[in-house]
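These are my notebook entries on one structure. I set down what I looked up, entry by entry.

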Amino acid sequence: MSLRLYDTSTRTVREFVPVESGRASIYLCGATVQAPPHIGHIRSGVNFDVLRRWMTRSGYDVTFCRNVTDIDDKIIRVAAEEGVPWFVVAERNQRAFTWAYQVLGCLPPTVEPRATGHVPEMIELMERLIAAGHAYASGGDVYFDVVSYADRYGSLSNQKPENMRAAGDTDTDSCKHDARDFALWKGEKPGEPTWPTPWGRGRPGWHLECSAMATKYLGATFDIHGGGVDLIFPHHENELTQSQAAGDGFARYWMHNGMLKIGAEKMSKSLGNSLLIPEVTKKVRPVELRYYLAAPHYRSSIDYSEEALFEAAAAYQRIEGFVTRAAEVIHDVDAHAPLPQAFTDALDDDLGTPQALAVVHEVVREGNVALAQGNKEQVARLLAETQNMLDVLGLDPRSAQWRSSGGGSGLRATVDALVAVALEQRQAARARKDFAAADAIRDQLAEAGVTVEDTPQGPRWELAR
């Protein structure tokens, strides 16, 4: 089976055929940095990180572009409320997003362009649109003329222009030919940052930014454009419209991840129910949060609850437990061992992570049986399969990401050294048959949240969950 992906634009699952053989180009709508990220924001990053890893594993040379929107109405509003320059808000929150992506194990993008660094490309795109009769300057602003492209506008979101409401992206529609026309460029206003253009000073519109950055780094026609389902309209619809109206092919596949909700409500800052990454990673380790976000199918919605979060953490710990125990027996793991066919088929079928993780858990169950039977040959094969599958998902507990951080705790190395001293003292007590002292050390460790398990390879410890 070859890779097949659900394409929002056709509303079908299509075989992935890249623009250029052996290469894959992905543009992901990244952060609008008016506030630090909650887990709903980072779900998109995790989902598309799994896609990127799977495409790489499948042999593609992947270029992954994830932008930063560092200027827009919301950023300006927050800056005004705080009494600080807009770039202070943008920089602070971009760093928070970068940290969140890193702590959840997302690979760094090939390129991460910022909107404010690409104004020349935006000007060029507007000039092309005006020359083609699809955009116009008015009152210091520049707008896309929806009527000029009415036969194709709405194709991505499956809407008809006559049923659409006003764009609602400016304070007034008085400068527009049609209320549905959307702003490509917003004219200068007091207290706002501006850049010079042939039509006067101002700042970019949200939709224009992504079209300019995507085509600069991925070309006029590229493979995949991704983002949350909430971006389909108007953002992605307008991106597609302005790019194709200018003569670009733009994205050949549109992929959208589902929302993360609390009850019936979409997780958002406006509802005041955001779950920020630093807070959630106090409840579970970052690797467990990644498992929670990656386990459902990317197109499904997630109804957040702490119970579900802790269940996901427990499921990951079962996998981790096998890997840890098996690694004590098998020291050299074949990183090139073939993946189970069922796992490959699951990910090739529109990135089916629920089915893929079901395969992981089945292999882990077989591995635990092999461990109990002392079948080292079976353990070696199943450990290799498990770690290779987890590597694709960014969940291998023995990877540098999670091993160096102890699953997210920067104190792991220190704790490891201290526990090692206590275990040496316990072993010495047992050697001299002072079992009371040995038990006392074990009990003291348990009170400190460290559980000790005696194995044929010696004592093994872990933090109590």
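Which residues does Asp7 touch, not counting residues up to four places away in sequence? I worked on a predicted model throughout. I found that Asp7 touches Thr12, Arg14, Arg252, Tyr253 and Trp254.

**Entry 1: Asp7 and the loop after its strand.** I placed Asp7 in strand β1. Its relative accessibility is 0%, so I entered Asp7 as buried, the cut-off being under 20%. I then looked up its side chain, which makes a polar contact with the side chain of Arg14 at 2.7 Å. Arg14 is thus listed both for this polar contact and among the residues that Asp7 touches. I next examined Arg11, which lies in the loop between β1 (4-7) and β2 (12-15). Arg11 is not a glycine, yet I read a positive phi of about 55° for it. With a relative accessible area of 37%, Arg11 is partly exposed.

**Entry 2: Asn158.** I noted a positive phi at Asn158 as well, about 60°, although this residue is not a glycine. I located Asn158 in the loop between β6 (141-144) and β7 (182-187). Is Asn158 buried or exposed? I recorded Asn158 as exposed because its relative accessibility is 56% and the cut-off is over 50%.

**Entry 3: Salt bridges.** How many salt bridges does the structure hold? I recorded a total of 32. I looked up several of them individually.

I began with Arg66 and Glu112, whose side chains meet in a salt bridge at 3.2 Å, N to O. This pair links distant parts of the chain, 46 residues apart: Arg66 is in strand β4 (residues 61-66), and Glu112 is in the loop between α3 (86-103) and α4 (119-131). I entered Arg66 as buried, at a relative accessible area of 4%, and Glu112 as partly exposed, at 28% relative accessibility.

I then turned to Glu192 and Arg203, whose side chains form a salt bridge at 2.8 Å, N to O. I found Glu192 in the loop between β7 and β8 (202-204) and Arg203 in strand β8, with 11 residues separating the two along the chain. Arg203 counts as buried, at 3% relative accessibility.

For Arg285 and Glu288, I noted a salt bridge in which the closest N and O atoms are 2.7 Å apart. Both Arg285 and Glu288 are buried. I also recorded a network of salt bridges that links Asp70, Glu91, Arg95 and Arg114.

**Entry 4: Helix α6.** Which residues does a cis peptide bond join? I identified Phe233 and Pro234, with omega at about 5°. I placed Pro234 in helix α6, which spans residues 232-245.

I also looked up Ser243, which is in helix α6. I entered Ser243 as buried, since its relative accessible area is 1% and the cut-off is under 20%. Its side chain reaches the backbone oxygen of Glu239 at 3.0 Å. Leaving aside neighbours within four places in sequence, I found Ser243 in contact with Ser211, Asp248 and Phe250. I finally checked the separation between Ser243 and Glu462, which are 219 residues apart along the chain. Their C-alpha atoms are separated by 53 Å.

Technical notes:
Residues numbered from 1 in each chain as written. Predicted model: local features only at pLDDT ≥ 70, side-chain atom pairs only at ≥ 80, totals over all residues. Heavy atoms only, no water. Helix = DSSP H or I, 4+ residues; strand = E, 2+ residues; numbered from the N terminus. Buried < 20%, exposed > 50% of the residue type's maximum accessible area, 1.4 Å probe, protein only. Polar contact = N/O pair within 3.5 Å; in protein donor to acceptor, adjacent residues only side chain to side chain. Contact = heavy atoms within 4.5 Å. Salt bridge = Lys/Arg side-chain N within 4 Å of Asp/Glu carboxyl O.
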